Amino acid sequence: MINIAILGFGVVGSGVAEVIFRNSKELASRLDGEELNIKYILDKREFPDHPLGNRVVNDIDIILNDDDVFLVVETMGGLHPAYDFSKKALLAGKSVVTSNKEVVAACGAELLSIARSNNIGYLFEASVGGGIPIIRPMWQCLAANKIDRIAGILNGTCNYILTKMEKEKTDFETALCEAQALGYAERNPSADVEGMDTCRKISILTSLAFGKHVYPEKIQCEGITHITYDDILFARNHGYAVKLLGMSKKESDGKVYVLTAPFFVSEENEIAGVNDVYNGIQVEGNVVGDVLFCGRGAGSLPTASAVMADVLDVIRDCRKTIGWKNEEADFLGDISNNVTDFYVRTKAGESVVKTVFGDVKTEKAGDGTAFFTGKMKQSDAEEKIALLGAETVKIRILD
Ligand code: HSE
């Protein structure tokens, strides 16, 4: 019997327990007949009606001091105390499997380095893309490539909201409530809709692709709270879908430009058709070309599926942890120098628009005016957009 402990018995942690129950035979068959046993669940709450209610403890030291616990699953969410408990577990010689993107994005390099020194695993497949295999495929299957670009729909909640708004002409708040009820959204959904969750995930993928830690604070981050149905309609009328993307691309100057923002994505691009809670991650490698990873990006069981894949890998002794170095990511470029075409919607009058942007073709969008700027440096676009007044929004067009 292999004993594990689950830290945090919320949406993902309880999903992990369910997968262990539901697929116990399959899991044992993949572990040479050995069964998995959830010896402890760490949570502040009691679960008296749950079959595992008697395993709940609220002192991490009980788990850390028990030599029978082979591995720790961290599904707590939030930075503290999840980071502190993960670090203690690794220092105590226990491998850690996590779904916690906040911890991996903020402290991954340190935790990976502790795991490496102790020859144990710190694995985080579930931290990006929910149930989609993306971390290990990038690390292993695309290892022969130089990565040129990652463009990903990385937040299920935002994709669900944008899809609902379009299909059902629902307002933003109603769509968000539904995403929360389905267990997709973070405890504080502003992390979803203001882009932080996507930002953490693109920080993890960029660190993995380029080998040094890219901290989320270095990434410009815009969310979807300002997107209206009129923007989505305008996009459709011009052959685009509006998607919140985490984007990371290597330009000819050798620098990597990273950004989280809503984009107009051409309907010809496969990720434009990735809808609802699904995530779609397009990776361009210099020898493989384009590869698309797609699947359920949030939710209890899809995320637990990815957690359990890591659990099996640790037990099957794939302990050389995946990861990157704790060094400054000196390959990052200044995103404000990046050249993009923008969609702009504004309440400024047409003559003001033409004075600032020249002879652009304007159209009505809701009670404002909308137009495409043509390609320009981000900082130049932002200077001009500022001249159009506060009630102006911009969305980038994906190349
Ligand atoms: N809130 C996240 C999402 C959960 O909606 O994608 C999965 O990381």
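A polar contact is a pair of N or O atoms within 3.5 Å. Keep that cut-off in mind for the ligand in this predicted model. A polar side-chain atom of Lys101 lies 2.6 Å from an oxygen atom of the ligand. That pair is within 3.5 Å, so it counts as a polar contact.

Two further residues reach ligand oxygen atoms. Thr157 does so with a polar side-chain atom, at 2.6 Å. Gly156 uses its backbone instead: an N or O atom there lies 2.7 Å from an oxygen atom of the ligand. How much of the ligand does the protein bury? Taken alone, the ligand exposes 260 Å², and the protein buries 92% of that.

Now look at the whole shell. Lys101, Gly156 and Thr157 belong to the residues around the ligand. Asn155, Tyr184, Ala185 and Glu186 are also among them. So are Asp192, Asp197, Lys201, Gly297 and Ala298. By class, the shell has 3 nonpolar, 4 polar and 5 charged residues. Two helices stand out here. Helix H7 (156-168) and helix H10 (196-210) each supply at least two residues of this shell.

Step back to the space that holds the ligand. The ligand sits in the largest pocket. About 1,100 Å³ of space lies in this pocket. Its lining counts 45 residues, and Thr75, Met76, Gly77, Gly78 and Arg187 are the closest to the pocket centre. Which helices supply at least two residues each to the lining? They are helix H1 (11-22), helix H5 (101-117), H7, helix H9 (190-193) and H10. H7 and H10 thus appear in both settings: each supplies at least two residues of the ligand shell and at least two of the pocket lining. The lining divides into 13 nonpolar, 21 polar and 11 charged residues.

Finally, turn to the enclosed space. The structure holds 1 cavity of 30 Å³ or more. The largest cavity has a volume of about 90 Å³. It is lined by 14 residues, and the closest to its centre are Met247, Lys249, Phe263, Asn338 and Thr340. Strands supply part of this lining. Strand S9 (240-250), strand S10 (256-266), strand S13 (339-346) and strand S16 (392-397) each give at least two residues to it. The cavity lining has 7 nonpolar, 3 polar and 4 charged residues.

How values were computed: Residues numbered from 1 in each chain as written. Predicted model: local features only at pLDDT ≥ 70, side-chain atom pairs only at ≥ 80, totals over all residues. Heavy atoms only, no water. Near = heavy atom within 4 Å. Polar contact = N/O pair within 3.5 Å; in protein donor to acceptor, adjacent residues only side chain to side chain. Areas by Shrake-Rupley, 256 points an atom, 1.4 Å probe, with all protein chains shown as cover. 1 Å grid on protein atoms, 1.4 Å probe; cavity = no way out; pocket = protein on both sides within 12 Å on 5 of 7 lines; lining within 4 Å. Sits in = over half its atoms within 2 Å of the grid points. Helix = DSSP H or I, 4+ residues; strand = E, 2+ residues; numbered from the N terminus. Nonpolar A, V, L, I, M, F, W, Y, C, P; charged D, E, K, R; others polar. Points joined across faces, edges and corners; volume = space filled by probe spheres on them.
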